Amino acid sequence: MVAAAADSNARECCGLLLGTTGHIATAVPAANVAATPERAFEIDPATLLRVHRDARGAGQKVIGHYHSHPNGKPEPSPRDAARAIENGQIWLIIADGGISGWQAVSADSDSNALHGRFRPLTLAVQ
Ligand SMILES: [Zn+2]
């Protein structure tokens, strides 16, 4: 993911995360079809459909997604918060050669949530 972010120059790269609760098993890259990919991302809907279908067949779930921030900011942006629709989804942000993890939560469940939407996650590689 870090390599993909570096290769995408000033554009945001993105993809989907497959696994089970609390465990990311696979990252699947997707085309960024946003109109302004240098400051936004939108996962290619065809890839989204295919990955959801394949995951069901393999006993996995789409548990979140990743995207990069070419501006180097490691936390979700207010724009990200506006697009975080589903609670519980994992958001990985790739910025400045590192990866930070976040989970979408409701403001009611966590009053300290960033932009009222995200709580930080601790990532561990197994
Ligand atoms: Zn973002």
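**Strands 4 and 5.** I started with the pairing of strand 4 (residues 90–95) and strand 5 (residues 98–104) in this predicted model. The two strands run antiparallel, and I found 6 bridges between them. I then looked up the partner of Trp91: Trp102 in strand 5 stands opposite. The hairpin of these strands leaves 2 residues between them. I checked the backbone there, and Asp96 takes a positive phi near 55 degrees.

**On to strand 6.** Next I followed strand 5 to its pairing with strand 6 (residues 118–121). This pairing is antiparallel too, over 4 bridges. Trp102 came up again here: Pro120 in strand 6 stands opposite this residue. So I have noted Trp102 twice, opposite Trp91 and opposite Pro120. I kept a general reminder beside this: strands of a sheet pair through backbone hydrogen bonds, either parallel or antiparallel.

**Strands 1 and 3.** I turned to strand 1 (residues 14–20) and strand 3 (residues 61–68). They run antiparallel and are joined by 6 bridges. I picked Gly15 and looked for its bridge partner in strand 3, which is Tyr66.

**The whole sheet.** In what order do the strands lie in the sheet? I read 2-1-3-4-5-6. The sheet is open, has 6 strands and shows mixed pairing. Strand 2 (23–30) and strand 6 are the edge strands, each pairing on one side only. I also took the angle between neighbouring strands: on average they are turned by 30 degrees against each other, direction ignored.

**Helix 2.** I then moved to helix 2 (residues 45–57), which has 13 residues. From first C-alpha to last, helix 2 reaches 19 Å, close to the 18 Å expected at 1.5 Å a residue. After helix 2 comes Gly59, with a positive phi near 70 degrees. Where does helix 2 lie? I found helix 2 across strand 1, strand 2 and strand 3. Its direction is at about 145 degrees to strand 3.

**Overall fold.** Last, I stepped back to the full chain. I counted 3 helices and 6 strands, in the sequence pattern α-β-β-α-β-α-β-β-β. The radius of gyration is 14 Å, close to the 14 Å from the globule rule for 126 residues, so the protein is as compact as a globular protein of that length. The C-alpha atoms fill a box of roughly 35 × 35 × 30 Å along the principal axes. Buried residues make up 25% of the 126 residues. Of the contacts with a separation of 6 or more, 52% join residues 24 or more positions apart.

Methods:
Residues are numbered from 1 along each chain as its sequence is written. This is a predicted model: local features need pLDDT of at least 70, side-chain atom pairs count only at pLDDT 80 or more; totals for chains, interfaces and linings use all residues. The radius of gyration is taken over C-alpha atoms; the globule rule is 2.2 Å times the number of residues to the power 0.38. A residue is buried if 20 or more other C-beta atoms lie within 10 Å of its own, exposed if 12 or fewer, and partly exposed in between; C-beta atoms are placed from the backbone. Two residues are in contact if their C-beta atoms, placed from the backbone, lie within 7 Å. Two strands pair if DSSP finds at least two bridges between them. The expected span of a helix is 1.5 Å times one less than its number of residues. Axes are lines fitted to C-alpha atoms, for helices over the stretch in contact, and angles run from 0 to 180 degrees between N-to-C directions.
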